[in-house]
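Here is a short tour to read alongside the sequence and the 3D view. Keep both open and follow along, one region at a time.

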Amino acid sequence: MAEALAKITELKDLGMVQIRADLVRAGDAIAAATGLAMPAANATVTDGARTLCWMSPDELLLVLPKAEAREATQALADALSTEHALVLDVSDMRAAFAIEGARAAQALAKLCPADIAAMPADGIRRTRAAQVACGIWRRGEGFVLIGFRSVGDYIGGLLRGAARPGTELDPR
Amino acid sequence: MLTLTCPYCGNAAEETELAPGGEAHLKRFGPGSSDEQFEDYLFARKNPKGVHFERWRHAYGCGKWFLAARDTVTLEVFGTYKAQTPNPTPEIVAAVQAKRPNWTPDWTSTPATTTSAESLTE
């Protein structure tokens with residue numbers, strides 16, 4: 001029996017805090033409140049436990065252990081109280097999956113119209129997985145993919161299907 | 001297949017990641033305008049065979065609206081630029097004219113640069 005392209009694991013303990021603000025004006029306050037440097041465009045900054053992801057020119061996503069999400073949301077809201085900004089704990093509206101294995105990029109290549117294999121080590125790409133929106137960044141040797149929880153079962157099925165044994169894209 | 005580079009996040013987005021928004025640079029005619037102006041604003045679209053300016057949204061990416069100059073016949077893309085631009089920028093006009101020497105802009109006001117409208121983006 002051939003081996004699966006990647007191991008798909010749903011990440012149940014991932015907390016996420018959405019931050020929308022003028023990132024130029026509020027950058028220093030966000031960096032101080034999260035304890036991380038501001039990421040460049042299409043990049044992530046991580047210290048191992050927390051990851052700050054660049055989502056759009058006015059949006060960031062702080063990914064952290066779920067238990068810390070509430071506290072981090074409050075800290076950020078306090079730090080941005082003088083800004084026109086939004087800080088929201090979105091942990092419960094997201095589904096997250098770890099895609100790990102030597103051929104993880106091949107599984108994603110079947111689902112996304114973006115060159116995920118060429119993404120730098122600290123890169124993040126928002127794109128679609130088949131029919132639904134998703135965000136993808138690298139973690140260790142593999143990837144983390146996030147999507148909306150309402151389509152979480154669909155994403156899980158997609159990923160497991162794309163990683164099915166014997167479906168690798170290497171030339172035979 | 002159409003691939004447009006989003007001027008906000010810099011990613012090359014393939015057509016299925018984008019949502020089309022029709023013709024770019026429409027001027028709104030609302031209360032106080034004549035019936036003809038309002039009708040034109042609602043319904044009159046250029047639909048040219050050749051160079052066209054369009055609105056697109058990077059729907060599955062950063063979510064921003066941007067503008068694109070492309071050829072409706074060859075699907076060649078001349079460039080993309082930010083939505084806070086009243087007319088195509090000089091760079092876009094130059095890129096179009098490099099490929100289509102006979103093409104001339106059909107707007108009269110001076111093209112504003114994106115830098116002056118930058119403050120509107122946030």
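How many helices and strands does chain B have? The count is three helices and six strands. Please keep in mind as you read that this is a predicted model.

## The layout of chain B

Following the sequence of chain B, you meet its elements in the order β-β-β-α-β-β-β-α-α. Of its 122 residues, 23% count as buried.

You can also ask how far apart in sequence the contacting residues are. Taking contacts in chain B between residues at least 6 apart in sequence, 50% join residues at least 24 apart.

## Where the chains touch

On chain B, 14 residues are in contact with twelve residues of chain A. The side of chain B that touches chain A is made up of six polar, four nonpolar and four charged residues.

## Strand β4 of chain A and its partners

Now turn to chain A and find strand β4, residues 51-56. Is β4(A) mostly covered or mostly uncovered? It is mostly covered, with six of its six residues buried.

One partner of β4(A) is strand β3 of chain A, residues 44-46, and the two pair in the antiparallel sense over three bridges. Within this part of the model, V45(A) stands opposite L52(A) of β4(A). The hairpin of β3(A) and β4(A) has four residues between the strands, and G48(A) in that hairpin takes a positive phi near 105°.

Strand β5 of chain A, residues 59-65, also pairs with β4(A), again in the antiparallel sense, over five bridges. Here T51(A) has V63(A) in β5(A) as its bridge partner. The hairpin that joins β4(A) to β5(A) does so through two residues.

## Strand β7 of chain A and its partners

Why is strand β7 of chain A, residues 94-100, described as largely enclosed by the rest of the structure? The reason is that five of its seven residues are buried. For this purpose, a residue is buried if 20 or more other C-beta atoms lie within 10 Å of its own.

Strand β1 of chain A, residues 7-10, pairs with β7(A) in the antiparallel sense over four bridges. To find this pairing in the 3D view, look for I8(A), which stands opposite I99(A) in β7(A).

β7(A) is also joined to strand β10 of chain A, residues 142-148, by six bridges, and these two strands run antiparallel. A helpful landmark for this pairing is A95(A), whose bridge partner in β10(A) is G147(A).

Methods. Residues are numbered from 1 along each chain as its sequence is written. Chains are lettered from A and ligands numbered from 1 in the order in which they are written. This is a predicted model: local features need pLDDT of at least 70, side-chain atom pairs count only at pLDDT 80 or more; totals for chains, interfaces and linings use all residues. Two residues are in contact if their C-beta atoms, placed from the backbone, lie within 7 Å. Ala, Val, Leu, Ile, Met, Phe, Trp, Tyr, Cys and Pro count as nonpolar, Asp, Glu, Lys and Arg as charged, and the others, Gly among them, as polar. A residue is buried if 20 or more other C-beta atoms lie within 10 Å of its own, exposed if 12 or fewer, and partly exposed in between; C-beta atoms are placed from the backbone. Two strands pair if DSSP finds at least two bridges between them.
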